[in-house]
Amino acid sequence: MDFTAEPFRIKVVEPIKKTTLEEREQLIKQAGYNIFLLPAEKIVVDLLTDSGTSAMSDNQWAGMMLGDESYAGSKNYYHFEKTIKDIFGFKSIIPTHQGRVAENLLFSNIIKQGNVIPNNSHFDTTRANIEYNGGIAVDCVIDEGLDPAFEHPFKGNIDINKLISVIEENGVNNVPLIIITITNNSGGGQPVSMQNIKDVSEVAKKYDIPLFFDACRFAENCYFIKEREKGYDNKSVKEIAQELFAYGDGCTMSAKKDGLVNMGGFLALNNENLAQNITNMLILIEGFPTYGGLAGRDLEVIARGLKEVLNEDYLNFRINQIRLLGKLLTDNKIPIIQPTGGHAIYIDAKAFLPHIPQNEFPAQSLVVELYKVGGIRAVEIGSLMFGKTDKKTGEIKHPKLELVRLAIPRRVYTNMHMQYVSEVLKEISLTKHNLKGMKILYQAAILRHFTVKLRYV
Ligand code: F0G
């Protein structure tokens with residue numbers, strides 16, 4: 001049977017407050033049509049992000065009580081370290097309070113002005129941390145990964161020829177590391193195959209360049225390998241993860257995703273000299289190496305979360321819940337990135353609202369409508385987030401895709417919530433031709449989508 005119900009019982013609930021259409025219209029207007037400026041209490045289904053929004057298990061909550069808050073040598077750190085070494089296999093484990101700090105610690109220690117860092121697709125904080133440290137972030141995802149409707153089992157794969165060209169053109173001394181993001185968040189939460197990881201690892205070894213993983217959603221990626229790649233169906237997801245990380249030299253991790261916690265992260269690596277330099281900096285900006293900006297109880301729940309995320313009943317439900325929402329939307333002719341990825345559904349707003357031109361932010365118009373009609377919070381990944389104005393010509397450059405991301409928090413919403421989201425989109429479809437584009441009233445110079453104020457054209 002191909003049907004999975006939630007593999008957990010709900011022991012604690014957080015009531016969702018109801019709001020009326022009129023109230024939501026008023027609230028979103030007051031927020032300048034920017035969903036980041038809405039009070040979370042006024043949201044029915046919050047799909048802004050899957051980061052830091054997981055529900056912890058009874059086992060994790062019990063672990064909170066075992067927090068050892070010693071400044072140095074907390075027993076929870078040793079549990080955290082042992083668990084990470086077991087799954088990821090790297091020698092030095094450095095805790096941080098979230099993923100971007102791990103990125104910053106790594107990049108500020110190895111990137112020199114003008115260095116080039118290839119990745120399948122850099123996530124925005126990864127790109128920003130590279131650029132802040134003087135580097136140039138280059139995306140090398142396969143062409144299939146950039147085509148929303150194209151079906152491919154591993155759309156997050158790196159194009160090996162593109163990777164080699166980047167190294168050859170810039171010179172091996174200008175490439176201090178290669179990154180693979182599993183799953184590829186900026187490219188639709190799409191997985192990377194083990195074969196591709198092996199191929200990238202061979203290139204990395206040939207040129208003697210360290211290979212790091214951006215491992216936020218590693219368990220979801222490994223589950224796709226088990227499901228889709230020949231030779232892995234009889235291996236456990238944990239064994240797949242162990243094999244995968246053995247091809248690399250380290251990883252950065254935001255435990256706010258596949259760590260199943262609300263805050264935390266780490267950096268893990270084999271190079272002991274580099275680890276020592278990073279640890280010295282950690283003490284300066286995050287804290288002593290056995291807590292790195294986290295409480296003992298936080299380290300404990302990460303250790304427990306990393307074990308739980310490898311549970312295959314959980315992963316089966318997780319991936320199928322995303323797939324279910326994808327199917328409900330596809331059945332209602334809502335265009336989405338295919339196949340569905342690990343943590344989110346991405347609606348192709350260009351295809352859904354062809355009458356709104358890119359300079360009028362079609363994806364943002366849909367984001368606003370989702371809130372108005374159903375109290376659903378999604379996020380725009382399109383011209384508002386990535387559009388750039390050429391300083392010399394004043395010409396606006398639009399990204400290729402106009403997407404609305406519906407990110408699903410882990411263990412928080414039931415399949416009935418997915419049905420609700422689908423019903424809201426069905427309702428919007430009926431009158432979508434009347435939807436208007438938007439115009440910017442206020443914008444900041446960088447990362448404008450967080451504080452922008454808009455109005456309808
Ligand atoms: N790398 C990837 C691939 C991410 O998706 C994120 C965060 C980070 C690094 C940074 O981790 O937030 O703990 O500092 N992604 C969130 C999202 C914010 O909504 O996709 P962090």
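**Exercises on a predicted model**

A polar side-chain atom of serine 254 lies 2.7 Å from an oxygen atom of the ligand. The model is predicted, local features need pLDDT of at least 70, side-chain atom pairs count only at pLDDT 80 or more, and totals for chains, interfaces and linings use all residues. Residues are numbered from 1 along each chain as its sequence is written, and side-chain values use heavy atoms, with hydrogens and water left out.

**Exercise 1.** Describe the surroundings of the ligand.

Solution.
- Step 1, polar contacts (pairs of N or O atoms within 3.5 Å): besides serine 254 at 2.7 Å, glutamine 98 places a polar side-chain atom 2.9 Å from a ligand oxygen. Glycine 99 has a backbone N or O atom 2.9 Å from an oxygen atom of the ligand.
- Step 2, burial: the ligand taken alone exposes 480 Å², of which the protein buries 93% (Shrake-Rupley accessible areas, 1.4 Å probe).
- Step 3, the shell (residues with a heavy atom within 4 Å of the ligand): there are 17 residues around the ligand, and Thr49, Arg100, Asp214, Ser254 and Lys257 come nearest.
- Step 4, classes: the shell holds two nonpolar, eight polar and seven charged residues. Asp, Glu, Lys and Arg count as charged; Ala, Val, Leu, Ile, Met, Phe, Trp, Tyr, Cys and Pro as nonpolar; the others, Gly among them, as polar.
- Step 5, elements: helix H4 (residues 99–110) contributes the most to this shell, with three residues. Helices (H or I, at least four residues) and strands (E, at least two) are DSSP runs numbered from the N terminus.

**Exercise 2.** Determine how helices H8 and H12 pack.

Solution.
- Step 1, geometry: H8 (residues 218–228) and H12 (residues 312–331) pack at about 90°, and their axes are 10 Å apart. Axes are lines fitted to C-alpha atoms over the stretch in contact, and angles run from 0 to 180 degrees between N-to-C directions.
- Step 2, class: H8 is therefore roughly perpendicular to H12 (65 to 115 degrees).
- Step 3, contacts (heavy atoms within 4.5 Å): the H8 residues include Tyr223, Phe224 and Arg228, and those of H12 include Leu315, Ile319 and Arg323. The residues of this contact divide into five nonpolar, one polar and seven charged.

**Exercise 3.** Locate the cis peptide bond that joins isoleucine 182 and threonine 183.

Solution.
- Step 1, torsion: omega of this bond is about -20°.
- Step 2, place: threonine 183 lies in the loop between strand E5 (178–181) and helix H7 (194–207).

Notes
A polar contact is a pair of N or O atoms within 3.5 Å; within protein, one must be able to donate a hydrogen and the other to accept it, and residues adjacent in sequence count only if both atoms are side-chain atoms. Angles under 35 degrees count as roughly parallel, over 145 as roughly antiparallel, 65 to 115 as roughly perpendicular and the rest as oblique.
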